[in-house]
Amino acid sequence: MKVEVDSQRCQGHTLCAMAAPDLFELSEIDGHATAVDGDVPAGLGERAREAARTCPEQAISIS
Ligand code: F3S
């Protein structure tokens with residue numbers, strides 16, 4: 001499983017990092033998220049899905 005953040009869509013709502021702090025890091029400059037590592041570790045799949053569901057901008061994609 002892979003997770004990505006669309007930097008064009010992200011508006012810095014930070015909900016992804018609250019849902020899955022191990023999967024996303026937030027920029028100290030603008031609060032925008034990036035995936036720590038595109039590969040989702042075993043056991044964090046549901047966290048990744050929850051983050052994608054909670055993002056108001058639908059900026060997170062999972063494949
Ligand atoms: Fe950005 Fe959505 Fe997270 S807007 S900071 S990817 S909750």
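Gln58 is exposed because just 10 other C-beta atoms lie within 10 Å; by definition a residue is exposed if 12 or fewer other C-beta atoms lie within 10 Å of its own, buried if 20 or more, and partly exposed in between, with C-beta atoms placed from the backbone. Gln58 sits in the loop between α2 and β4 (60–62), where helices (H or I, at least four residues) and strands (E, at least two) are DSSP runs numbered from the N terminus. Although Gln58 is not a glycine, its phi is positive, about 50 degrees. Most residues other than glycine have a negative phi.

I should state that this is a predicted model, in which local features need pLDDT of at least 70 and side-chain atom pairs count only at pLDDT 80 or more, while totals for chains, interfaces and linings use all residues. Residues are numbered from 1 along each chain as its sequence is written. The mean pLDDT of the protein is 96, and 100% of its residues reach 70 or more; pLDDT is the predictor's confidence in each residue, from 0 to 100. The model scores ipTM 0.98 and pTM 0.92.

A second residue with a positive phi is Thr14, at about 70 degrees, and Thr14 is not a glycine either. Thr14 lies in the loop between β1 and α1. Is Thr14 buried or partly exposed? Thr14 is partly exposed, because 15 other C-beta atoms lie within 10 Å.

Let me turn to the overall fold. The protein has 2 helices and 4 strands, arranged along the sequence as β-α-β-β-α-β. For 63 residues, a compact globule would have a radius of gyration near 11 Å, and the protein's 10 Å agrees with that. This radius is taken over C-alpha atoms, and the globule rule is 2.2 Å times the number of residues to the power 0.38. Along the principal axes, the C-alpha atoms fill a box of roughly 30 × 20 × 15 Å. Buried residues account for 25% of the 63 residues.

Next, the interior. The largest nonpolar core contains 16 residues, and those with the most contacts inside it include Cys16, Ala20 and Phe24. Such a core is a set of buried Ala, Val, Leu, Ile, Met, Phe, Trp, Tyr and Cys residues joined through C-beta atoms within 7 Å. At least two residues of this core come from each of β1 (3–5), α1 (15–19), β3 and α2 (45–54).

Ala48 is found in helix α2 and counts as buried because it has 23 C-beta neighbours inside 10 Å. Which residues does Ala48 contact, leaving aside neighbours within four places in sequence? They are Met1, Val3, Ala20, Leu23, Val40 and Ile62, where contact means C-beta atoms, placed from the backbone, within 7 Å. Ala20 in turn touches Leu44, Arg47, Ala48, Glu50 and Ala51, again not counting residues up to four places away in sequence.

Finally, the ligand. It is surrounded by 14 residues, and the closest are Cys10, Leu15, Cys16, Ala33 and Cys55; a residue is near a molecule if its C-beta atom, placed from the backbone, lies within 6 Å of it. One of these closest residues, Cys10, is also touched by His32. His32 is located in the loop between β2 (24–26) and β3 (33–35), and His32 is partly exposed because 17 other C-beta atoms lie within 10 Å.

Terms used. Two residues are in contact if their C-beta atoms, placed from the backbone, lie within 7 Å.
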